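Dear colleague,

I am handing over the structure below, and after it I set out what was found in it. Please read the notes alongside the coordinates.

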Amino acid sequence: MYLIAMTVVMPIAGKGLFFNSIPMSMVALMGHMVFGFILGLVVGTPKKLIK
């Protein structure tokens, strides 16, 4: 999602490719990583299907 947001959504929104700023794009990347980590903790690993 991060790459799609930075290469498609941000230029359409008028913010430029990767916000035209390395520090801003790194903050966005870290936000995506923290969100994914928290989501992984909450949801957990998939359980095996019982057959």
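I begin with the surface, where Val34, Phe35, Phe37, Ile38, Leu39, Leu41, Val42 and Val43 form a nonpolar patch with about 870 Å² of accessible area together. Accessible areas here come from the Shrake-Rupley method with a 1.4 Å probe, and for residues only the protein chains shown count as cover. Patches are made of residues with over 30% relative accessible area and no salt bridge, like charges being joined within 9 Å and nonpolar side chains (Val, Leu, Ile, Met, Phe, Trp, Tyr) within 5 Å; a salt bridge is a side-chain nitrogen of Lys or Arg within 4 Å of a carboxyl oxygen of Asp or Glu.

Please keep in mind that this is a predicted model, in which local features need pLDDT of at least 70 and side-chain atom pairs count only at pLDDT 80 or more, while totals for chains, interfaces and linings use all residues. Residues are numbered from 1 along each chain as its sequence is written, and side-chain values use heavy atoms, with hydrogens and water left out.

Two members of the patch can be placed further. Ile38 is found in helix H2 and is partly exposed at 46% relative accessibility, whereas Val43, which is also found in helix H2, counts as exposed at 62%. For these labels, buried means under 20% relative accessible area, exposed over 50%, and partly exposed in between (1.4 Å probe, protein chains only). The C-alpha atoms of Val43 and Ala28 are separated by 22 Å, the two residues being 15 residues apart along the chain.

As to the chain as a whole, it has two helices and zero strands, where helices (H or I, at least four residues) and strands (E, at least two) are DSSP runs, numbered from the N terminus. Its radius of gyration is 16 Å, whereas a compact globule of 51 residues would have one near 10 Å; the radius is taken over C-alpha atoms, and the globule rule is 2.2 Å times the number of residues to the power 0.38. The C-alpha trace spans about 50 × 20 × 10 Å along its principal axes. Buried residues make up 14% of the 51 residues, and the accessible surface of the chain comes to about 4500 Å², of which 79% belongs to carbon and sulfur atoms.

Turning to aromatic contacts, the count comes to one aromatic pair, under a rule by which rings of Phe, Tyr and Trp (its six-membered ring) pair if their centres lie within 6.5 Å, with planes under 30 degrees apart counted as stacked, over 60 as edge-to-face and the rest as tilted. The rings of Tyr2 and Phe18 have centres 6.3 Å apart and planes at 55°, so this pair is tilted. Because Tyr2 lies in helix H1 (residues 2-12) and Phe18 in the loop between H1 and H2, the pair ties together parts that are 16 residues apart in sequence. Tyr2 is buried, with a relative accessible area of 12%, while Phe18 is partly exposed at 29%.

Tyr2 also appears among the contacts of two residues of helix H2. Ser25, placed in that helix, is buried with a relative accessible area of 2%, and it touches Tyr2, Met6, Phe18 and Phe19, not counting residues up to four places away in sequence (contact means heavy atoms within 4.5 Å). Ala28, found in helix H2 (residues 22-43), counts as buried at 17% and, leaving aside its neighbours within four places in sequence, is in contact with Tyr2, Met6 and Phe19. The C-alpha atoms of Ala28 and Met1, 27 residues apart along the chain, are separated by 11 Å. Met26, found in helix H2, is partly exposed with a relative accessible area of 41%, and its C-alpha is 13 Å from that of Ala5, 21 residues apart in sequence.

The loop between H1 and H2 deserves a look at its backbone. Phe19 lies in this loop and has a positive phi of about 65° although it is not a glycine; Asn20, also in the loop, has a phi near 55°, again a positive value in a residue other than glycine, and counts as exposed at 63%. Ala13 is found in the loop as well and is exposed, with a relative accessible area of 54%.

With best regards
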